[in-house]
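Work through the exercises below with the sequence and the model open. Try each task before you read its solution.

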Amino acid sequence: MALDKPYEDVPGTTIFDAERARQGYHLNQFCMSLMKAENRERFLSGERAYLDEWRMTEDQKQAVLDRDYNRMIALGGNVYFLSKIFSSDGISFEQAASSMTGQTRDEYRQMMLNGGRSPDGNRYVGEEG
Amino acid sequence: MARITAGVATSHVPAIGAAIDLGKTQDDYWAPLFKGYEFGKNWIEKEKPDVILLVYNDHASAFGMDLIPTFAIGCAEEFAPSDEGWGPRPVPRVQGHPELAWHIMQSVIQDDFDLTVVNEMTVDHGLTVPLSLMFGQPEAWPCKVIPFAVNVVVYPPPSGQRCYNLGKALRRAIESFDDDLNVQVWGTGGMSHQLQGPRAGLINSEFDQDFLERIVNDPEGLAKLPHIDYVREAGSEGIELVMWMIMRGALNENVKELYRFYHVPASNTAVGHLILENS
C-alpha cells in the first residue's frame, strides 16, 4: 500500500521525505563537504571539476552551477544542506529564500517586515491567493 | 535528587546568532527582538541552573545523510560549535554533563524511547543561538548543557504526541538522578517559517499565538496536532515546533507562565519565547 502523503497539496512547498532523501543523497552529501574551509575554497575555484567528484546527476550539477535552489529542491536537495552552498557564497538565508519566491530581495525583505507571507490563499494547491 | 525547575522555549534563527556575533543587536532591525530577551537574561542570572537539557535540531551539521537519528543525546564532556559554511560561531565550547546524560540514556531507553548516543559531534546554531540569547557573550557558558537533538529535517519528524510523551520520560529520568541538581529543559526552533520554494516567507501569527497559549494551558490537546497542520499552517520548517512539546512534557501539568514574547520577523522567521516555571 502506498504511503500517505498529505503534504503534496501544499502549494510552493516540497517536503523532504523518504523518496526525495534517496533522490538527493549525493547532492546533499556534496553540500555537507562544504562545511570544511578547504573544500569551499576548492569548490569556488573550480565548481565543475569539484562537482564531477560527486555521483550527482547532470541536472543536479547544472542546478548547483546555476544556483537554482528551486530546481535543486525538485531534484532532492534540502534547504539545510543547500545552505552550505549559499553560505559558501556569502549569501544569507533570507537572500536565498527570496531567490526561490520570484520576488526581488527588497520585495521579500519588505514582505517579511510587514509580517511575512500570509497563509490565506497559500494552504492548498489551486486555492486563489 | 535532580529536579526540573523550569522550561524555556525559544526560536533559534541563525541570523540572530550572526547579529550577536557581528555586534548588530542594537540596530533598528534587531533591537526589538533582543529587548524581548532582557527578561530572560535577568531571570536566568538569578536562577543559576546547573544543567540545561537543550532540545534542538541539527541542521545538516553534525548529521548529514550518512546518519539520521530521530532522537540523539550528547553524552560527551565537550561539544565544539559547527562550521555551517561560514566558519564556526565565535562562542564558547559547550560543556556537557556525561554522568546525567548517560543516566538519562539508560532510563529513557528502558522507558521505551530508543535514543541514539552521540559522543562526537559539533553543535550548530540550533543549540548555540538559544544559549547566546539567554546568556549573551560570556567567556564560558555558565552551566553544563546536554544537547538533545531531534530529527526534523528528514520527513517524518516524531509526532507532537511522541515528543510530549518523551518529555515525560525525560522527567522521570532526571528526577531519578541522585545528585542535587537544578535542571532546566529548553525546547527550541520555530515558530512559523518556511525557508524553501515559492511559499518561503510564510508567517502565521494566529497559529503561533494559539500555539503559545495552548502549550502552556492545553498541552495534552496540542500534542494531538498532526504534522500536516504544522506544515500547512506554520510552514515546512514550522514543524520544528514539535520540539517545544518535549520541553512541555518534562514540566508539571500546571506551570506558571513567567514570560511570553513574540516577534516578526527575524530573517525568514517568527520568533517565539516562553519561560515556564514548575509550580
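**Exercise 1: Charges and fold of chain A**

The mean positions of the 16 positive and 21 negative charges of chain A lie 6 Å apart. Lys and Arg count as positive, Asp and Glu as negative, while His and the chain ends are left out. Each charge is placed at NZ of Lys, CZ of Arg, CG of Asp or CD of Glu.

This is a predicted model: local features need pLDDT of at least 70, side-chain atom pairs count only at pLDDT 80 or more, and totals for chains, interfaces and linings use all residues. Residues are numbered from 1 along each chain as its sequence is written, chains are lettered from A and ligands numbered from 1 in the order in which they are written, and side-chain values use heavy atoms, without hydrogens and water.

Task: describe the secondary structure and the burial of chain A.

Step 1. Take the secondary structure. Chain A has nine helices and zero strands. Both are DSSP runs numbered from the N terminus: helices are H or I with at least four residues, strands are E with at least two.

Step 2. Take the extent. The C-alpha trace of chain A spans about 45 × 45 × 20 Å along its principal axes.

Step 3. Take burial. Of the 129 residues of chain A, 47% are buried. Buried means under 20% relative accessible area, exposed over 50%, and partly exposed in between (1.4 Å probe, protein chains only).

**Exercise 2: The contact with chain B**

Task: state how much area chain B and chain A bury between them, and which residues of chain B supply the most.

Step 1. Count residues. Chain B brings 41 residues to the contact and chain A brings 48. Contact means heavy atoms within 4.5 Å.

Step 2. Take the area. The two chains, B and A, bury about 3800 Å² between them, 60% of it on carbon and sulfur atoms. Buried area is the accessible area (1.4 Å probe) that two parts lose on being put together, summed over both.

Step 3. Find the main contributors. Met65(B), Tyr155(B) and Arg232(B) supply 19% of the area that chain B buries against chain A, more than any other three residues.

Step 4. Look for charge pairs. Three salt bridges run between chain B and chain A. A salt bridge is a side-chain nitrogen of Lys or Arg within 4 Å of a carboxyl oxygen of Asp or Glu. Arg40(A) forms a salt bridge with Asp83(B), with the closest N and O atoms 3.0 Å apart.

**Exercise 3: Salt bridges inside chain A**

Task: for the pairs of Arg67(A), Lys61(A) and Glu94(A), find each partner.

Step 1. Start with Arg67(A). Its salt-bridge partner is Glu47(A), and the closest N and O atoms are 2.8 Å apart. The pair links distant parts of the chain, 20 residues apart: Arg67(A) is in the loop between α5 (58-66) and α6 (69-74), and Glu47(A) is in helix α4 (residues 47-51).

Step 2. Go to Lys61(A). The side chain of Lys61(A) meets that of Asp52(A) in a salt bridge (2.9 Å, N to O). Lys61(A) is buried at 9% relative accessible area, whereas Asp52(A) is partly exposed at 42%.

Step 3. Finish with Glu94(A). Glu94(A) forms a salt bridge with Arg109(A), the closest N and O atoms being 2.7 Å apart. Glu94(A) sits in helix α8 and Arg109(A) in helix α9 (residues 105-113), 15 residues apart. Glu94(A) is buried at 7%; Arg109(A) is partly exposed at 33%.

Step 4. Join the pairs. Salt bridges with shared partners link Arg48(A), Asp52(A), Glu58(A) and Lys61(A) into one network.
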